[in-house]
Amino acid sequence: MLILLLACVEDTRDTSSPGANLDDTADTGTDTEADWITPAAPEACGYTAGSTPGAGTATLDLVASDFAWDPGTGTLLETGLAFNGTVPGPLIEANAGDTVVVNFTNDTDTEMTIHWHGLRITPEMDGVMQMMDPVQPGESFTYEFVPPDAGFYWYHPHMSGDTLLERGLYGTMIIREASEGRADCDLPIVLDDVLLDDDTRQIAPPDTDMMQLMGRLGNVLMANGRALRSYEVTRGQTILLRLVNSSNARFWDVRLEGHTMTVVGADSGFLAEPYVAEHLLVVPGERYMVLVEATGEPGQSYAFLNNRFQLHDDEHSSMVEYDPMGEQENPVFYLTYGEGEVEGTPWVQPTPDIPAFEDNVPTTFGHQWVLDEDMMGGTVTIDGAAWPDVPMVTVQGNVDTLFEVKNDSEMHHPFHIHGNRFQLLAIDGVPVEGPPAWKDTWDAPPMSTLSFASPLDNPGEWMYHCHILEHAEDGMAGLMTVEE
Ligand SMILES: [Cu+2]
């Protein structure tokens, strides 16, 4: 099965990039991962926390530094960066309500702040440069915060995100609650891609203007910083996949060969009602927790696969996008079954009380954001402007409030709001499928209007932005004040 799947990964660039208007994107001097990647030896299914637990606390010393890492090509990336010498960086594990202390040292030559994506913490600790001075090279800063909500989160630099994440700076956080079940294998998976140069297999040079506008797509797909990993499982086990998309721009449309995926949690915690998904769209910044029963055959490998997703879809745009991964479905990692069978630990789904705003739509209206792009001008905008000129949005806190995002562009944008949690209610007035879920990041499809609601129970000045990192850097970002 492994060999067959690898044989499917071939360079289809000649047939997949007829887009004459994207010539400067197509000519990046990069190739797909076909001949480059050596599948990794099977490794244990699970994780090791990097933080040190204490009574009501979790502590981590976190150092960002130059670090050459291997995405699976056998060639170390000379311009790589890492937290504590691993990609992804160390996993922070804490209980909801615990104090998390991160002693951060910036040992790189780039100033940075660290953002704790999805946590409802204080604005001063949120890691955006509007709220704190960047940590200069050689300097340190202690982040201290109390995550209130169990779930799967991640952290990453918030300035120069397009280059710093591509080079390897990101890590994950598991925040637990008392009623949470334990799967036999609890497996965080950071979905990322990196764009390598054909000849050197080093991180490809900075982007062309067109790539900046389109978002940078990689030519190597990685799970936890390496292509084609393999995780050992045993038939009968329960597996909790915690998925996060740390890519600059790639939307991942994933499925697990031969297995049923049950979505048990979204961005900010578990769902009250799990649901089965044949495949799952995970946009940059977004998280899903997926339960898998290990029903495969002993001795076999099963691929976790990614399908191509076009940011400019055919329905709304004549733009022909070039994807260096080609048009076909590509393997990302494998579940490899050992011999035998075990009696798995039954999954116990937490039962969070999530108010269903869909049945009780707030009457207070907060704001409608308008997203747009000017392909000729090469700009992306929110409310007709680019950072720092996007007008401040001010809303009253602790009031259930309805918001809209109106995407007037021909492109998907993953919209992320810091500091508060939201429920997506409808797209173009049509209620979204699935149970209520707390979200901080979601897809805004082209030429459509999303409505979503929040209790706005975390006052402060909060950033919001497109999570295509090139768009965020280009100014598709603003600030919202949630008043006390
Ligand atoms: Cu965008």
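1. Let's start with L228, in this predicted model. L228 counts as buried because 24 C-beta neighbours lie inside 10 Å, and the cut-off for buried is 20 or more. Its backbone deserves a look too: L228 has a positive phi of about 50 degrees, although it is not a glycine. You'll find L228 in the loop between β12 and β13.

2. That loop holds another residue to check. N224 is also found between β12 and β13, and N224 takes a positive phi of about 55 degrees without being a glycine. Is N224 buried or partly exposed? N224 has 19 C-beta neighbours inside 10 Å, so it counts as partly exposed.

3. Now step back to the whole chain. DSSP runs give six helices and 32 strands. Of the 484 residues, 51% count as buried. The C-alpha atoms fill a box of roughly 55 × 55 × 50 Å along the principal axes. For 484 residues, a compact globule would have a radius of gyration near 23 Å, and the 21 Å of this chain agrees with that.

4. Contacts across the sequence are worth a word. If you take contacts between residues at least 6 apart in sequence, 80% of them join residues at least 24 apart.

5. How is the chain divided? The domain assignment gives domain 1 as 2–41 + 184–341, domain 2 as 45–176 and domain 3 as 357–483. Note that domain 1 is written as two segments. Between the centres of domain 1 and domain 2, taken over C-alpha atoms, there are 23 Å.

6. Next, the place where domains 1 and 2 meet. Here 37 residues of domain 1 are in contact with 31 residues of domain 2. On the domain 1 side, the elements giving two or more residues are β11 (185–194), β12 (220–223), β13 (229–235), β14 (238–245) and β19 (287–293). Which of these gives the largest share? That is β11, with six residues. By class, this side of domain 1 has 19 nonpolar, 10 polar and eight charged residues.

7. One sheet to trace by eye is an open one of six strands, in the order β1-β13-β21-β20-β15-β18, with mixed pairing. β1 (43–44) and β18 (280–282) stand at its edges with a single partner strand each, so one side of each is left without a neighbour in the sheet. Strand β13 appears in this order, and β13 is also one of the elements on the side of domain 1 that touches domain 2.

8. Within that sheet, have a look at β15 and β20. β15 (residues 252–256) and β20 (residues 301–307) run antiparallel and are joined by four bridges. For a handle on the register, find L256 and look across to F304 in β20, its bridge partner.

9. Strand β3 is a good one to follow, as several pairings involve it. β2 (residues 52–54) and β3 (residues 57–66) run antiparallel, with three bridges between them, and T52 stands opposite T59 in β3. The hairpin of β2 and β3 has two residues between the strands, and G56 takes a positive phi near 70 degrees there.

10. β3 pairs with other strands as well. Nine bridges join β3 to β6 (residues 99–107), and these two run parallel; the bridge partner of L62 in β6 is F104. Three bridges join β3 to β4 (residues 81–83), which runs antiparallel to it. In β4, L81 is the bridge partner of D66.

11. Last, the cis peptide bonds. The bond from V87 to P88 is cis, with omega near -5 degrees, and P88 is found in the loop between β4 and β5 (92–95). The bond from W387 to P388 is cis as well, with omega near 5 degrees. Where is P388? Its place is in the loop between β23 (379–382) and β24 (393–396).

Key: Residues are numbered from 1 along each chain as its sequence is written. This is a predicted model: local features need pLDDT of at least 70, side-chain atom pairs count only at pLDDT 80 or more; totals for chains, interfaces and linings use all residues. Two strands pair if DSSP finds at least two bridges between them. The radius of gyration is taken over C-alpha atoms; the globule rule is 2.2 Å times the number of residues to the power 0.38. A residue is buried if 20 or more other C-beta atoms lie within 10 Å of its own, exposed if 12 or fewer, and partly exposed in between; C-beta atoms are placed from the backbone. Two residues are in contact if their C-beta atoms, placed from the backbone, lie within 7 Å. Domain bounds come from an automatic or database domain assignment. Ala, Val, Leu, Ile, Met, Phe, Trp, Tyr, Cys and Pro count as nonpolar, Asp, Glu, Lys and Arg as charged, and the others, Gly among them, as polar.
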